[in-house]
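Visitor: I've just opened this one on my screen. Can you walk me through it?

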Amino acid sequence: MITLNKLTKRFGDHTLFDGLDLQIEQGEIVVVIGPSGTGKSTLLRCINFLETADAGQVTIDGITVDSAHTKAKDVLALRRKTGFVFQHYALFAHLTARENIAEGLITVKGWDKKKAHAYAQTILDDIGLGDKGDHYPAALSGGQQQRVGIGRAMALAPELLLFDEPTSALDPEWVGEVLSLMKRLAARHQTMLVVTHEMQFAREVADRVIFMADGELVEQGPPAQIFTQPHDPRLKKFLNQVGIRAGSLHSSPEEV
């Protein structure tokens, strides 16, 4: 359903990644792990053209966009197939929770305001924030803001949900509620590509885990394989750094 073909991204003379290939099936939950600065977040942004890659093609649900020869209408059509959940929520501060969720339905899908607000309320109910519709982001906790961000992405019924370290900006007490919502989406077979440092989430929810390092998709497989039988020395080193003993699905006390 989703195919990345020879995706390449450079910043000046620095090549972040070169010729990446990836396929994701409908309903698959793919989690990308790896050291900071290796290109994980940029890869996500290149998939829906928040960043434009220098070369390569992105295909989602039959729509293909060539990064080197983009057309605005094709990029818009591809974006309509995706939902993006940012690290720092990216909510509109001047809009209520309900209005934040409804905004895309109005501007992207052309719904009238009444219909969009009614559906936004059903999303709020679904994500456990039914009584927060009239609250502005400043009146919500970090976890609640991120759930609204996820709800906004859910509202457009995307083929693919992209999560860019959705818990990294949260205080520890709010991480669980966001991961719980993501697990519910996974149980509904929502196709998801998730960049995260939450190893426990990767082990419990992912169909496939990809380890990315040095601009490469170094190793990938089911969680049991990645976490208990890593092959590449870079993956073994990374797991050790985050407190996971290779050969065991149990983490050490240092793992958060």
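**A quick tour**

Guide: Sure. This is a predicted model. Among contacts between residues at least 6 apart in sequence, 62% join residues at least 24 apart.

Visitor: How many helices and strands are there?
Guide: The protein has nine helices and ten strands. Its radius of gyration is 18 Å, close to the 18 Å that the globule rule gives for 256 residues, so the protein is as compact as a globular protein of that length.

Visitor: What does the C-alpha trace span along its principal axes?
Guide: About 55 × 45 × 30 Å.

Visitor: And what share of the residues is buried?
Guide: Of the 256 residues, 52% count as buried. The protein exposes about 11,600 Å². Carbon and sulfur atoms supply 49% of that area.

Visitor: Let's pick one helix. Is α5 enclosed or open?
Guide: Enclosed, largely. 14 of the 14 residues of α5 are buried, so the rest of the structure largely encloses this helix. Buried here means under 20% relative accessible area.

Visitor: Where is α5, and what should it span?
Guide: Helix α5 covers residues 142–155. At 1.5 Å a residue, its 14 residues should span 20 Å, and its end C-alpha atoms are 20 Å apart, which agrees.

Visitor: Which residue with a positive phi follows α5?
Guide: Ala157. Its phi is near 50°.

Visitor: New topic: charges. How many positive and negative side chains are there?
Guide: There are 27 positive and 32 negative side chains. The centres of the two sets lie 4 Å apart.

Notes. Residues numbered from 1 in each chain as written. Predicted model: local features only at pLDDT ≥ 70, side-chain atom pairs only at ≥ 80, totals over all residues. Heavy atoms only, no water. Helix = DSSP H or I, 4+ residues; strand = E, 2+ residues; numbered from the N terminus. Rg over C-alpha atoms; globule rule 2.2 N^0.38 Å. Buried < 20%, exposed > 50% of the residue type's maximum accessible area, 1.4 Å probe, protein only. Contact = heavy atoms within 4.5 Å. Areas by Shrake-Rupley, 256 points an atom, 1.4 Å probe, with all protein chains shown as cover. Lys, Arg positive; Asp, Glu negative; His and termini not counted. Charge placed at Lys NZ, Arg CZ, Asp CG, Glu CD. Expected span 1.5 Å × (residues − 1).
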